[in-house]
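Reader: I have a structure to look at and would like to know what stands behind the words used for it. Could you go through them with me?

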Amino acid sequence: MSTETPEIGIIMGSQSDWPTMKHAADVLTELGVSFETRIVSAHRTPDRLYDYAKTAKDRGLKCIIAGAGGAAHLPGMAAAMTPLPVFGVPVQSSMLSGKDSLLSIVQMPGGVPVGTLAIGKAGAKNAGLLAAAVIALMDEGVAERLDAWRAAQTESVAEIPVDDA
């Protein structure tokens with residue numbers, strides 16, 4: 001993470017969500033996008049959530065990535081309190097393998113949008129890429145790095161399968 005004013009906020013409901021949400025941070029680091037990370041529980045630290053979401057735009061954030069498991073109210077509650085785009089990452093839960101988290105995040109009422117990603121690592125990685133794409137609209141350097149990242153991903157895919165003997 002750079003020492004610049006963060007452009008992206010990565011929030012999660014608990015420390016146990018960090019192994020998933022770290023994948024969003026890794027992508028942003030790779031692309032040179034500044035971010036901050038916080039533990040902000042919708043249920044256990046509601047005042048912290050309120051303060052975080054209400055001040056996010058004034059602090060210079062451009063969007064928020066919110067990861068949560070179980071009841072997964074964090075992304076929706078954050079979206080209800082900020083005009084910034086919020087990308088929700090369902091964290092895989094032990095009880096229902098993240099399906100509960102996914103349904104909690106994706107079933108937002110009309111008027112409170114949350115961009116919902118896949119469950120777990122893939123969702124966190126894609127949330128980082130989406131957040132970088134938002135920043136790329138305003139920052140040519142990030143746009144160039146994101147284009148290069150995508151080109152490298154394309155180049156990494158073999159055209160002909162081989163045996164893994």
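Author: What follows is a set of questions about terms, each answered from this structure. The model is predicted, so local features need pLDDT of at least 70 and side-chain atom pairs count only at pLDDT 80 or more, while totals for chains, interfaces and linings use all residues. Residues are numbered from 1 along each chain as its sequence is written, and side-chain values use heavy atoms, with hydrogens and water left out.

Reader: What makes β2-β1-β3-β4-β5 an open sheet, and which strands are its edges?

Author: Strands (E, at least two residues) and helices (H or I, at least four) are DSSP runs, numbered from the N terminus. Two strands pair if DSSP finds at least two bridges between them. Here 5 strands stand in the order β2-β1-β3-β4-β5, with parallel pairing. β2 and β5 (115-116) each pair on one side only, and are the edge strands.

Reader: How do you know that β1 pairs with β2 and with β3?

Author: 5 bridges join β1 to β2, and the two run parallel. Another 5 bridges join β1 to β3, again parallel. Set against the cut-off of at least two bridges, β1 pairs with β2 and with β3. Within these pairs, I10 stands opposite T37 in β2, and M12 stands opposite G67 in β3.

Reader: Why is β1 called largely enclosed?

Author: Buried means under 20% relative accessible area, exposed over 50%, and partly exposed in between (1.4 Å probe, protein chains only). Of the 5 residues of β1, 5 are buried, so the strand is largely enclosed by the rest of the structure. I8, I10 and M12 point one way, G9 and I11 the other way, and all are buried. In a regular strand the side chains alternate between the two faces of the sheet.

Reader: Why is S14 called buried, and what does S14 contact?

Author: S14 lies in the loop between β1 and α1 (18-31). The relative accessible area of S14 is 16%, which is under 20%, so S14 counts as buried. Contact means heavy atoms within 4.5 Å. Leaving aside neighbours within four places in sequence, S14 is in contact with I39 and R44.

Reader: Is A25 buried or exposed, and what does A25 contact?

Author: A25 is found in helix α1. At 4% relative accessibility, A25 is under the 20% limit and therefore buried. Apart from neighbours within four places in sequence, its contacts are I10, W18 and F35.

Reader: What is unusual about the phi of A72 and of S97?

Author: Most residues other than glycine have a negative phi. A72 has a positive phi of about 55° although it is not a glycine, and S97 likewise has a positive phi of about 55° without being a glycine. A72 lies in the loop between β3 (63-68) and α3 (74-81), and S97 in the loop between β4 (86-90) and α4 (99-106). A72, at 4% relative accessible area, is buried, whereas S97, at 36%, is partly exposed because that value falls between 20% and 50%.

Reader: How do you know that the buried residues of α2 line one face of the helix?

Author: In α2 (residues 46-55), L49, Y52 and A53 are buried. Seen down the axis, the buried residues fall within an arc of 90° (taken from the directions from the helix axis to the C-beta atoms), so they line one face. Their cover includes β1 (8-12), β2 (35-39), β3 and α3.

Reader: Why is α2 called oblique to α3?

Author: Axes are lines fitted to C-alpha atoms, for helices over the stretch in contact, and angles run from 0 to 180 degrees between N-to-C directions. The axes of α2 and α3 come within 8 Å and cross at roughly 50°. Angles under 35 degrees count as roughly parallel, over 145 as roughly antiparallel, 65 to 115 as roughly perpendicular and the rest as oblique, so α2 is oblique to α3. L49, Y50, A53 and K54 in α2 meet L74, M77, A78 and M81 in α3.

Reader: Which strands do α4 and α5 touch or lie across?

Author: α4 lies across β3, β4 and β5, running at about 160° to β4. Helix α5 (residues 121-136) packs on the sheet and touches β1, β3 and β4, its direction making about 170° with that of β4.
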